[in-house]
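Visitor: I'm new to this structure, so please pick out the charged pairs and give me a close look at them. Tell me as well whether they sit inside or outside, and what is around them.

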Amino acid sequence: MDEKKNIGSLFDRIARSYDHINHLLSLHTDRLWRHRAVSRLSAADSVLDVAIGTGDLAIELVRSRKAQKVQGIDLSEQMMAVAAQKVAARGWSDRIRFDLGSALDMPYADNSFDAVTCGFGVRNFSDLDKGLKEMFRVLRKDGEVLILEFSYPEQRIVRRLYDFYFSRMMPFIGKTVSRDKTAYSYFRNSVKGFIWGETLCDRLRQAGFKNVTFTPMTFGICTMYKGVK
Ligand SMILES: C[S@@+](CC[C@H](N)C(=O)[O-])C[C@H]1O[C@@H](n2cnc3c(N)ncnc32)[C@H](O)[C@@H]1O
C-alpha cells in the first residue's frame, strides 16, 4: 500500500479541521487522555512522537515538562503544518521539530530517544508490527514507550451507545464539519477493525518491549499502553 498517497493524503485533506472535530467528537476528552497519559511518563531529554499529527501530544509533553525536546514524524505535511503553527505560537519551535516520513522506516539511528510516544497513530499503520519494531529500535535501553489508541468498551450498555455514536453520529458530524465524504467513515472502520487491550500488548511484547501494561480510560473508549525497552 502506498502509505503517503493513501493515509498521508487523507490526513492532508482534513488537517485544518482535525483539531476542531477531534475536540468536538470526543467532547474534549481527548485533552484529558493525552494529559493523563503524559503524566505517567518519566521526565526525559529527547522524546520521539510518532505520527505527531497536529502536535497536541508533543505540546503536552513540553507543557508538562516531561520532555526537553520532541522530535515528531508524520506522513502528512498538512497535519504538521498545523502543528508547527501551534508550536511557533508558544515559542517552542526549537523544542519541537518535525520530519516528514513514515513510522515504518524512520530516519533515526538505533537507541536515539529516551522515550517514544504515539497518540492515535498506530491503528493507521499499514504494517503494525513493522511500526512497533521501528519504535523499539530507535528507543534507548530502559526507555519508555507510550501509546494512546481508541478501543472498544467492554460494558454492554456503553458499547451500544458507543456503536450508535460511532456508526451514526460521528461520520455525520465529521462529514459536515470537515466537508470530506470519506475521512470519518475511514476513522470508524479503522477503530472497529483494530485490536486493543491484551492483544495489542502481545504485539508490543513481540516487538521486544517488556513490562507492557494497558490502562483503559473513559469506559474503555481509549486505552493507554506502556512498555519499556
Ligand atoms: C489520528 S492522527 C493523530 C495525531 C496526533 N498524534 C494526535 O494525538 O492527535 C493520526 C496521524 O498518524 C499519521 N500517520 C498514519 N500512518 C503513519 C505512518 N505510517 N507514519 C507516520 N505517520 C502516520 C497521520 O498522517 C496522522 O497525522
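Guide: Let's settle some words before we start. A residue counts as buried when its relative accessible area is under 20%, as exposed when it is over 50%, and as partly exposed in between. Keep in mind too that this is a predicted model.

Now for the pairs. Side chains of opposite charge can pair when their charged atoms come close. To be called a salt bridge here, a side-chain nitrogen of Lys or Arg has to lie within 4 Å of a carboxyl oxygen of Asp or Glu. By that rule, the count is 14 salt bridges.

Start with Lys 86 and Asp 19, whose closest N and O atoms are 2.5 Å apart. Lys 86 belongs to helix H4 (residues 77–89) and Asp 19 to helix H1 (residues 3–25), so this bridge ties together parts that are 67 residues apart in sequence. Are these two partners buried or exposed? Lys 86 has 18% relative accessibility, so Lys 86 counts as buried. Asp 19 is buried as well, at 15%.

Next come Arg 34 and Asp 56, which also form a salt bridge, with 4.0 Å between their closest N and O atoms. Here too, distant parts of the chain are linked: Arg 34 sits in helix H2 (residues 29–39) and Asp 56 in helix H3 (residues 56–63), 22 residues apart. Arg 34 has a relative accessible area of 7%, so it is buried. Asp 56, at 17%, is buried too.

It's worth lingering on H3, the helix that holds Asp 56. Seven of its eight residues are buried, so H3 is largely enclosed by the rest of the structure. Asp 56 is one of those buried residues, along with Leu 57, Ala 58, Ile 59, Glu 60, Leu 61 and Val 62. After H3 you'll find Arg 65, whose phi is positive, near 60°.

A third pair stays within a single helix. Glu 134 and Arg 137 meet in a salt bridge through their side chains, at 2.6 Å from N to O. An α-helix has 3.6 residues a turn, so residues three or four places apart point the same way. That fits this pair: Glu 134 and Arg 137 both lie in helix H5 (residues 128–138), three residues apart, about one turn of the helix. Glu 134 is at 10% relative accessibility, so it counts as buried. Arg 137 has a relative accessible area of 23%, so it is partly exposed.

Some of the salt bridges share partners, and in that way Asp 19, Asp 30, Arg 34, Asp 56 and Lys 86 are joined into one network. You've already met four of those names in the pairs above, so try tracing that network in the 3D view.

Here are two other charged residues to look up. Glu 149 is in strand E5 (residues 139–150), and at a relative accessible area of 0% it is buried. Its side chain has a polar contact of 2.7 Å with the side chain of Arg 123. Arg 188, in helix H7 (residues 183–192), is at 22% relative accessibility and so counts as partly exposed. From Arg 188 to Ser 167 is 21 residues in sequence, but 6.8 Å in space, C-alpha to C-alpha.

You also asked about the surroundings, so let's turn to the ligand. The ligand sits in the largest pocket, with 19 residues around it, and the closest are Glu 3, Ala 51, Asp 74, Ala 103 and Gly 119. H1, home of Asp 19, gives the largest share of the shell around the ligand, four residues. H1 also holds Ala 15, which is buried at 1% relative accessible area.

Which atoms does the ligand come close to? One of its oxygen atoms is 2.6 Å from an N or O atom in the side chain of Asp 74. A nitrogen atom of the ligand is 2.8 Å from a polar backbone atom of Ala 103, and a ligand nitrogen is 2.8 Å from a polar backbone atom of Gly 119. On its own, the ligand has 600 Å² of accessible area, and the protein covers 99% of that.

Notes: Residues numbered from 1 in each chain as written. Predicted model: local features only at pLDDT ≥ 70, side-chain atom pairs only at ≥ 80, totals over all residues. Heavy atoms only, no water. Helix = DSSP H or I, 4+ residues; strand = E, 2+ residues; numbered from the N terminus. Buried < 20%, exposed > 50% of the residue type's maximum accessible area, 1.4 Å probe, protein only. Near = heavy atom within 4 Å. Polar contact = N/O pair within 3.5 Å; in protein donor to acceptor, adjacent residues only side chain to side chain. Areas by Shrake-Rupley, 256 points an atom, 1.4 Å probe, with all protein chains shown as cover. 1 Å grid on protein atoms, 1.4 Å probe; cavity = no way out; pocket = protein on both sides within 12 Å on 5 of 7 lines; lining within 4 Å. Sits in = over half its atoms within 2 Å of the grid points.
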